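Student: Hi! Could you walk me through this model, starting with the terms you'll use?

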Amino acid sequence: MQDKPYFCPNCRSNRVKFSVLSSYNQRFLKDAITGVVEEMAEPVEVQQTEPHIQCMVCQFVGNEMRFVKQAEREPRTVTVVSSVY
Ligand SMILES: [Zn+2]
């Protein structure tokens with residue numbers, strides 16, 4: 001995951017709450033006749049070049065780049081209270 005701001009391109013109200021979706025690869029052996037699973041290996045995480053991100057506000061799922069790009073298009077404006085007259 002990149003250390004960049006995210007902004008949900010769907011609801012456009014969330015920059016804070018996200019979830020990363022990862023997939024796992026788990027090998028197993030099956031009995032050819034009964035179909036019973038005989039052996040289950042430990043799950044191995046599949047390395048993804050670009051993780052899938054879910055917005056925890058609207059549940060939208062997209063590639064990480066979509067969230068990063070949206071944040072770049074609409075950066076959060078820092079409101080500075082000016083005391084200069
Ligand atoms: Zn959203």
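Tutor: Happy to! A residue counts as buried if 20 or more other C-beta atoms lie within 10 Å of its own, as exposed if 12 or fewer do, and as partly exposed in between, with C-beta atoms placed from the backbone. Ser 22 is exposed, since 10 other C-beta atoms lie within 10 Å.

Student: Any ground rules before we go on?

Tutor: Two. The model is predicted, so local features need pLDDT of at least 70 and side-chain atom pairs count only at pLDDT 80 or more, while totals for chains, interfaces and linings use all residues. Residues are numbered from 1 along each chain as its sequence is written.

Student: OK, back to Ser 22. Where does Ser 22 sit?

Tutor: Ser 22 is in the loop between E1 and strand E2 (24–25). Helices (H or I, at least four residues) and strands (E, at least two) are DSSP runs, numbered from the N terminus.

Student: And what does Ser 22 touch?

Tutor: Not counting residues up to four places away in sequence, Ser 22 touches Glu 45 and Pro 51. Contact here means that the C-beta atoms of two residues, placed from the backbone, lie within 7 Å. The C-alpha atoms of Ser 22 and His 52 are separated by 7.3 Å, with their positions 30 residues apart along the chain.

Student: Let's zoom out. How many helices and strands are there?

Tutor: The protein chain has one helix and seven strands. From the N terminus on, the order is β-β-β-β-β-β-β-α.

Student: What about the overall dimensions?

Tutor: Along the principal axes, the C-alpha atoms fill a box of roughly 85 × 20 × 20 Å. The radius of gyration is 21 Å, whereas a compact globule of 85 residues would be near 12 Å. That radius is taken over C-alpha atoms, and the globule rule is 2.2 Å times the number of residues to the power 0.38.

Student: How much of the chain is buried?

Tutor: Of its 85 residues, 7% count as buried. As for contacts with a separation of 6 or more, 57% of them come from residues 24 or more positions apart.

Student: Got a pair that lies far apart in space?

Tutor: Try Ala 32 and Val 16: they are 16 residues apart in sequence and 49 Å apart in space, C-alpha to C-alpha. Ala 32 is in the loop between strand E3 (28–30) and strand E4 (37–40). It is exposed, with 6 other C-beta atoms within 10 Å.

Student: Now the sheet. What's the strand order in the open sheet of three strands?

Tutor: The order is E1-E6-E7, with antiparallel pairing. Strand E1 (18–21) and strand E7 (61–63) each have a single partner strand, so at these edges one side of each is left without a neighbour in the sheet. Two strands pair if DSSP finds at least two bridges between them.

Student: How are the neighbouring strands turned?

Tutor: By 35° against each other on average, direction ignored. Axes are lines fitted to C-alpha atoms, for helices over the stretch in contact, and angles run from 0 to 180 degrees between N-to-C directions. Helix H1 (residues 64–73) packs on this sheet, touching E6 and E7, and its direction makes about 85° with that of E7.

Student: How many bridges link E1 and E6?

Tutor: Four, joining E1 to strand E6 (residues 52–55) in the antiparallel sense. Ser 19 stands opposite Gln 54, and Phe 18 has Cys 55 as its bridge partner. E6 and E7 pair over three bridges, also antiparallel, with Asn 63 as the partner of His 52.

Student: Which way do the E6 side chains point?

Tutor: They alternate: Ile 53 and Cys 55 point to one face and are buried, while His 52 and Gln 54 point to the other and are not.

Student: Which residues make up the largest nonpolar core?

Tutor: Tyr 6, Phe 7, Cys 8, Ile 53, Cys 55 and Phe 67. Such a core is a set of buried Ala, Val, Leu, Ile, Met, Phe, Trp, Tyr and Cys residues joined through C-beta atoms within 7 Å. Beyond its neighbours within four places in sequence, Cys 55 has contacts that include Cys 8, Asn 10 and Phe 60.

Student: Last one: any odd backbone angles?

Tutor: Gln 59 has a positive phi of about 70° although it is not a glycine. It lies in the loop between E6 and E7 and is exposed, with 10 other C-beta atoms within 10 Å. Arg 12, not a glycine either, has a positive phi of about 50°. Arg 12 is in the segment before E1 and is partly exposed, with 13 other C-beta atoms within 10 Å.
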